[in-house]
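Colleague: Please take me closely through the surroundings of the ligand, and then through the strands and loops that frame the picture.

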Amino acid sequence: MDTKVISSGKHYSALPASYVRPESERPKLSEVSTCENVPVIDLSCTDRARIVKALAYACSVFGFFQVVNHGVSKEAVADMLRVATEFFSLPVEEKLKLYSDDPSKTMRLSTSFNVNKEKVHNWRDYLRLHCYPLEKYVPEWPSNPSSFKDVVSNYSKEVRALGYRIEELISESLGLESPRMPRVLGDQGQHMAVNFYPPCPEPELTYGLPGHTDPNALTILLQDLQVAGLQVLKDGKWLAIQPIPDAFVINIGDQLQALSNGKYRSVWHRAVVNADKPRMSIASFLCPSDDALISPPESLVEEGSVAVYRDFTYAEYYKKFWSRNLDQEHCLELFKNSRNPAAGSDTSSSILKTS
Ligand SMILES: O=C(O)CCC(=O)C(=O)O
């Protein structure tokens, strides 16, 4: 890479070689169709049992869904998108003051995914922030644009409340009492990735982010309404998720897959890029506390059997996740309980290489 970030204002007429995927790993964009039946859950519905039923279906069959009437204010969302756009429009020298490729840093501007570990880079820059507790992390956030800290603090609080509410509903959908999931997950951390994908000269040859699952519990994704790019793997096929107004995409993460004993699916997803327009997405991740013990409740483990995954702490899992490349096999595969006869392997990673 000749510059550290790709949002440098430099025009690329061809994709630099370090971003070019081998033929078998390319996105094959012309073969991707739009997902026509994305579950959309209206959280203002007064029939709670109906929401819970819709969630159970969405989490077990899709591993993701969209929520509308979710309680995060339109102003908070609009302000967040505005400061994110302003941040990535800053002069590159200003942005580079925040650059780091050390994944252990709690605030950094970076590029691709894990530049020091990966073989092929991804057409993405991102600002990564820790957002909880706010009083600990806000002081290290960017102060340019000047409204950044206020706007992102407010957005983070509203999104956190939404995430906890969804986790309670997810508990109920698994037949557990509603505080069960948030209680097991402890005092959850909250991280944010503000993703910026500049126009890409050869989008067929690379990714914004290759297929991956999220290592955390729950992801709340704000998609750019103007430019699509999110795709999910469903029944072995990549499907494009069209943004809908005033909605968030919610992804089940690896920890909820483990805690539900594999009943709910941490969905494989990826971001593709396009030649014409920049794209922005803002992912908020709810992460179990480091010492949270990830172990499914007995009621979800078949009598006479053992859990699909062995018990582990989130700290152990997170360390393993960042020690690898993004587009390898599902990290949960490494935590399988060999004594569970149902512990077949996840074949999706082979689809990632060949589809
Ligand atoms: O940009 C997107 O739509 C997906 C972002 C994503 O998957 C991530 O930040 O982990």
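Modeller: Happy to, and one term comes before anything else: a residue is buried if 20 or more other C-beta atoms lie within 10 Å of its own, exposed if 12 or fewer, and partly exposed in between, with C-beta atoms placed from the backbone. Please keep in mind that this is a predicted model, where local features need pLDDT of at least 70 and side-chain atom pairs count only at pLDDT 80 or more, while totals for chains, interfaces and linings use all residues. Residues are numbered from 1 along each chain as its sequence is written.

Now to the ligand. Its shell consists of Ala193, Asn195, Leu209, Asp214, Leu221, Gln223, Gly229, Leu230, His269, Ala271, Ser281 and Ala283 (a residue is near a molecule if its C-beta atom, placed from the backbone, lies within 6 Å of it). Six of these residues are nonpolar, five polar and one charged; here Ala, Val, Leu, Ile, Met, Phe, Trp, Tyr, Cys and Pro count as nonpolar, Asp, Glu, Lys and Arg as charged, and the others, Gly among them, as polar. At least two shell residues come from each of β6 (189-197), β8 (218-223), β12 (269-271) and β13 (279-287). Helices (H or I, at least four residues) and strands (E, at least two) are DSSP runs numbered from the N terminus.

Where do β6, β8 and β13 sit? They belong to an open, mixed sheet of eight strands, ordered β2-β3-β11-β8-β13-β6-β5-β4. Two strands pair if DSSP finds at least two bridges between them. β2 (40-42) and β4 are the edge strands with a single partner each, so one side of each has no neighbour in the sheet. From one strand to the next the twist averages 25°; axes are lines fitted to C-alpha atoms, for helices over the stretch in contact, and angles run from 0 to 180 degrees between N-to-C directions. Next to β6, β5 runs antiparallel to it and is joined to it by six bridges, with Leu129 opposite Met192 in β6. Helix α1 (residues 48-62) lies across β2, β3 (64-68) and β11 (248-252), at about 160° to β2; contact here means C-beta atoms, placed from the backbone, within 7 Å.

β12 takes us to a second open sheet, five strands in the order β1-β10-β9-β12-β7, again with mixed pairing. Its edges are β1 (33-34) and β7 (209-212), each with a single partner, so each has one side without a neighbour in the sheet. Within this sheet, β9 (residues 230-234) and β10 (residues 237-240) pair antiparallel over four bridges, and Val232 stands opposite Leu239 in β10.

The loops deserve a look too. Asp235, between β9 and β10, has a positive phi of about 50° although it is not a glycine; it counts as exposed because it has 6 C-beta neighbours inside 10 Å. Ser112, in the loop between β4 (107-111) and β5, also is not a glycine and has a positive phi, about 60°, but Ser112 counts as buried because it has 25 such neighbours inside 10 Å.

Finally, two cis peptide bonds. Tyr132 to Pro133 has omega near -5°, and Pro133 is in the loop between β5 (125-130) and α4 (134-137). Asn144 to Pro145 has omega of about 5°, and Pro145 lies between α4 and α5 (148-173).

Note on methods: Contact = placed C-beta atoms within 7 Å.
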